[in-house]
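Let's take a walk through this fold, going from strands to helices and then to a couple of backbone oddities. Keep the viewer open while you read.

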Amino acid sequence: MKTTLGSASASPGEFDTGRLAVGETRDGSTVGLPVAVLNGAEDGKTLYVQAVSDGDELNGLGVINRLVPQLDPDEVAGEILLVGIVNYHAFQVAEHRNPIDDTKMNRAYPGDANGTSSERIAAATFEAAKRADLVVDLHQGRTSRMINETRVRCGPRHRLHRECLELAKVFGTGYVLDQKGPDGQLARTAPDNGIPTIDPELGGAVGWDEESIQIGVDGMVRVLRYYGFLEGEVDRDLQTRASGFDQYGSPAGGLVTFERDLGDRVERGDTLFEVTDTFGSLKGRVTADNDGVFWRSRRLPQVATGEYVCSVGTDIDQF
């Protein structure tokens, strides 16, 4: 039986690429998201994978770009549905939000087929995601510096929380943020439709970061093996989990010097960063409010008063 997604169509043992129409540009040209279908030679589960729902987050696209050529449909059981670039308009101009409606795409799910540009894209891609048994929505920490982590966004009381955590552990970045996400995220909406979903945040970079991309490729291969798409054994390593998140802004304008690096354990009262003036005189020092893990930081050293500087994952355990 053929598998289709947009104009891509593949019989068992085949792979095909195509476009998924989601509207028109201002000159009337069709907007078609790049999509692919891999229809395995044997029956099995269905996996949906997407990337670049935020237009400047490209590491997920790097994962798809590296992963797909490694997959032989004759060696796959089940179906893999892929959308390589979700936020078409933002990708074209290297911006985070869809410039057509100034919307963050990962707040638009489940979408509206008759709505705004972002709502229409969300509706079309969510229709594909609803066909799957598992969903992996590949992200990164924008262009800031961030550890490689996987986010479980359904919330700890959700009926699929355990299944989402299992998927996150299999993906295996080493760090998991287990915290209910904002409305409109795919990783919140898909579990409400009975589909275990994770949101890997593969580091943070301007452009591509090869180390984070490889971590994502390795994670995808583990998922494919564990859930029976590919043959092979999977070791599930302990993951460091944060259930909370403290964010810190600058107490003054100036230049930031960090006292902690990504992944460092911090204790309450530890200095996270200092702010100096142009000539090195101390203007402010910020300490941790709680024990945790140094999770994310801004990339550029210059800050204004109150501007975001860094984040610490809190309520740490392992699973």
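Before we start on the strands, one working rule: two strands pair if DSSP finds at least two bridges between them. Also bear in mind that this is a predicted model.

## The parallel strands

Start with strand 5, which covers residues 42-51. Strand 5 runs parallel to strand 6 (residues 77-83), and six bridges join the two. If you want one register point to check in the viewer, take Thr 46, whose bridge partner in strand 6 is Glu 79.

Strand 5 also runs parallel to strand 7 (residues 134-138), this time joined by five bridges. Here a handy marker is Gln 50, which stands opposite Asp 137 in strand 7. As general background, strands of a sheet pair through backbone hydrogen bonds, either parallel or antiparallel.

How do you get from strand 5 to strand 6, and with which handedness? Helix 1 (residues 59-67) joins them in a β-α-β unit, and that unit is right-handed.

## Helix 1 against helix 6

Helix 1 turns up again in a packing with helix 6 (residues 210-226). Their axes are 8 Å apart and the angle is about 60 degrees. Angles under 35 degrees count as roughly parallel and 65 to 115 as roughly perpendicular, so helix 1 and helix 6 come out as oblique to each other. The crossing of helix 1 and helix 6 is right-handed.

On the helix 1 side, the contact is made by Asn 59, Gly 62, Val 63, Arg 66 and Leu 67. Helix 6 answers with Glu 210, Ser 212, Ile 213, Gly 216, Val 217, Met 220, Val 221 and Leu 224. Sorted by type, the residues of this contact are seven nonpolar, four polar and two charged.

## Helix 4 against helix 6

Helix 6 has another partner in helix 4 (residues 161-171): the two axes come within 7 Å and cross at roughly 125 degrees. That angle makes helix 4 and helix 6 oblique to each other too.

Helix 4 brings Glu 166, Leu 167, Val 170 and Phe 171 to this contact, while helix 6 supplies Gly 216, Gly 219, Met 220, Arg 222, Val 223 and Tyr 226. The split is six nonpolar, two polar and two charged. Gly 216 and Met 220 are worth clicking on, as they appear in the contact with helix 1 and in the one with helix 4.

## An open antiparallel sheet

Further along the chain, four strands form an open sheet in the order 16-15-13-18, with antiparallel pairing. Strand 16 (282-287) and strand 18 (302-303) stand at the edges with a single partner strand each, so one side of each has no neighbour in the sheet.

Strand 13 (residues 254-258) pairs with strand 18 over two bridges, and with strand 15 (residues 271-276) over four. Leu 255 is a nice residue to follow: its bridge partner in strand 18 is Gln 302, and its partner in strand 15 is Thr 276. Gly 254, meanwhile, is bridged to Val 303 in strand 18.

## Backbone oddities

Which peptide bond is cis? The one from Tyr 109 to Pro 110, with omega near 10 degrees. Pro 110 sits in the loop between helix 2 (88-92) and helix 3 (117-129).

The other spot to look at is Arg 142, where phi is near 50 degrees, a positive value in a residue other than glycine. Arg 142 belongs to the loop between strand 7 and strand 8 (145-146).

Notes
Residues numbered from 1 in each chain as written. Predicted model: local features only at pLDDT ≥ 70, side-chain atom pairs only at ≥ 80, totals over all residues. Heavy atoms only, no water. Right-handed = clockwise from strand over helix to strand, strands pointing away. Axes fitted to C-alpha atoms, helices over the stretch in contact; angles between N-to-C directions. Parallel < 35°, antiparallel > 145°, perpendicular 65-115°, else oblique. Left-handed = near helix turned anticlockwise from the far one by under 90°. Contact = heavy atoms within 4.5 Å. Nonpolar A, V, L, I, M, F, W, Y, C, P; charged D, E, K, R; others polar.
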